[in-house]
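Here's a quick briefing on a ligand site and a few backbone oddities. Have a look at the model first, then read on.

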Amino acid sequence: MRDVKWFTDARFGIFMHWGLYSIPAGVWKGKKMGRNWYSEWIRMQHNWPEPGGIPREEYDTLLDQFNPDKFNPNHWIKQFKEAGAKYFLITAKHHDGFALWPSKVSEYNVYDATPMKRDVLGELKEACDKHEIKMGFYYSHWLDWEHPGGGLPPWPSAENPNDPPMMQPSQKLYDEYWYGKCIPQVRELIENYDPKFFWFDSWNDKSEMFLTEKRLDDLIGAVRDASGHCLVNSRIGTTWSHPKGDSIVDYLSMGDNEFPDTQIPRPWETSGTFNNAWACHKLDYSWKSSETLLKSLVDNASRGGNFQLNIGPNADGSFSPAMIRRLKEIGGWLIVNGEAVYGTSSTSLKDPAWGRIVKRDLPDGNTRLYCHVYDWVPNKNIDIDDLSCEPVKASVLETGEPIEVSVDKKIVSMMLTEHCPDDRISVIVLDVIGKVPSYCEAFGDKMCEPHSTFNF
Ligand code: FHN
């Protein structure tokens with residue numbers, strides 16, 4: 001059985017979109033791309049809803065421009081470590097089919113086709129090993145716009161009727177892509193870099209025309225054959241396209257920026273953006289605050305899930321100041337409050353109005369609750385009204401300041417002190433006698449229902 005505990009204990013990862021599309025960064029010949037902020041889609045939607053996209057030979061003029069002089073893998077991973085991330089995943093190959101490693105399967109890669117001529121994934125792997133950050137790969141298995149048999153955008157759809165129609169490859173040609181590029185490259189990635197996990201990318205049932213049961217079994221089988229520990233996520237397509245559903249993958253991936261408001265009794269994650277874009281978009285100024293991003297992390301942790309914060313570096317390998325500041329702010333909060341996130345688990349307790357609760361089972365059979373207070377009102381009580389365990393003591397995690405705790409008719413009340421520890425999220429440690437059941441213990445470890453599909 002593959003170890004997934006490291007993944008759930010980690011809680012916080014950094015996701016990265018970086019490639020040829022980082023060069024135009026959402027703007028092509030002076031014109032902002034259409035349809036949405038997904039700048040890694042510029043090849044297909046730069047002049048949306050006009051059909052055709054950027055012709056291949058024109059898009060490939062980016063190859064000669066890809067020579068990131070500020071690519072510094074050690075500095076990248078050190079920043080993610082200091083931000084409190086425990087793992088990192090990068091777009092090894094996105095939909096445009098361009099590979100960030102010297103692939104022997106396809107010369108459409110950073111080593112053979114650009115002046116950079118470096119093994120980006122190999123250098124990042126070295127940096128991850130040095131900083132003890134687990135590394136995984138995003139791999140676009142469903143769509144590949146380079147190979148003649150690769151999947152094209154699933155356009156149009158009922159949700160997006162204005163999308164220009166695409167002529168998808170035949171099943172025979174798709175097999176040539178699947179068995180001639182997709183699976184061989186996935187094997188190559190495992191053999192070269194020993195990733196701890198893959199993040200395969202599909203997002204609704206329009207993928208089922210190509211992601212058939214046999215193709216999924218062959219891809220998952222290739223990962224299982226090549227690695228005894230590499231994890232596979234549900235966006236490989238099992239949610240929609242396999243009779244056994246998500247039971248045959250190791251963790252569930254929600255939709256983009258999809259934050260469930262219910263517990264999910266399996267390892268799961270949400271991947272979310274710093275602003276609207278995944279890859280760098282030079283016109284996207286709507287940066288989320290570190291408070292918002294921290295609450296995404298804590299909300300998910302309180303429901304048993306992870307948060308993977310996406311980074312879209314500039315084409316030259318540098319990070320925008322807006323990213324750098326927020327990463328430092330998140331890291332500063334986690335230096336003090338990390339024990340209230342890492343290795344915690346969700347509880348059967350209802351979400352309190354004042355914030356979120358996670359737990360840590362103690363060796364002596366008792367329980368430590370971490371109460372993440374989102375709205376600290378000095379000298380006011382906050383209550384936990386469905387806790388059946390007797391409280392022992394409470395204090396502010398950051399300062400150690402004692403918190404007065406009382407019980408009345410099974411309602412546990414804690415008096416917030418005069419000084420708010422952190423104007424974003426303040427953590428109170430509450431020790432209680434006995435075990436607080438987890439969601440699964442309280443409600444049964446039923447397999448998660450297929451989560452929502454979504455259209456972007
Ligand atoms: O089409 C991709 C998109 O470019 C981006 O990689 C996101 C990240 O979750 N996944 C797909 C859309 O959901």
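**Ligand site and backbone notes**

An oxygen atom of the ligand sits 2.9 Å from an N or O atom in the side chain of R235, which fits the cut-off for a polar contact (a pair of N or O atoms within 3.5 Å). Before going further: this is a predicted model, where local features need pLDDT of at least 70, side-chain atom pairs count only at pLDDT 80 or more, and totals for chains, interfaces and linings use all residues. Residues are numbered from 1 along each chain as its sequence is written, and side-chain values use heavy atoms, with hydrogens and water left out.

**Around the ligand**

- D256 has a side-chain N or O atom 2.7 Å from an oxygen atom of the ligand, and W41 puts a polar side-chain atom 2.8 Å from a ligand oxygen.
- On its own the ligand has 330 Å² of accessible area, and the protein covers 100% of that (Shrake-Rupley method, 1.4 Å probe).
- There are 15 residues around the ligand, and H17, E40, H95, D201 and D256 come nearest (near means a heavy atom within 4 Å).
- That shell splits into eight nonpolar, three polar and four charged residues. Here Ala, Val, Leu, Ile, Met, Phe, Trp, Tyr, Cys and Pro count as nonpolar, Asp, Glu, Lys and Arg as charged, and the others, Gly among them, as polar.

**Cavities**

- Rolling a probe the size of a water molecule over the atoms shows where empty space is left. A cavity is a set of points, on a 1 Å grid over the protein atoms alone, where a 1.4 Å probe fits but cannot get out.
- The count comes to three cavities of 30 Å³ or more, and the largest holds about 110 Å³ of space.
- Lining that largest cavity are 15 residues, with Y38, D201, R235, D256 and W278 closest to its centre (lining residues have an atom within 4 Å of a point).
- What takes up the largest cavity? The ligand does.

**Backbone oddities**

- Most residues other than glycine have a negative phi, and most peptide bonds are trans.
- W48 and P49 are joined by a cis peptide bond with omega of about 10 degrees; P49 is in the loop between α2 (42-45) and α3 (56-59).
- Another cis bond runs from W155 to P156, omega near -10 degrees, and P156 is in the loop between β5 (134-139) and α7 (171-193).
- K29 isn't a glycine, yet has a positive phi of about 50 degrees; look for K29 in the loop between β2 (27-28) and β3 (31-32).
- Helices (H or I, at least four residues) and strands (E, at least two) are DSSP runs, numbered from the N terminus.

Notes:
A polar contact is a pair of N or O atoms within 3.5 Å; within protein, one must be able to donate a hydrogen and the other to accept it, and residues adjacent in sequence count only if both atoms are side-chain atoms. On a 1 Å grid over the protein atoms alone, a cavity is a set of points where a 1.4 Å probe fits but cannot get out, and a pocket is an open set with protein on both sides within 12 Å along at least five of seven lines; lining residues have an atom within 4 Å of a point. A molecule sits in a cavity or pocket if more than half of its atoms lie within 2 Å of its grid points. Grid points are joined across faces, edges and corners, and a volume is the space filled by probe spheres set on the points.
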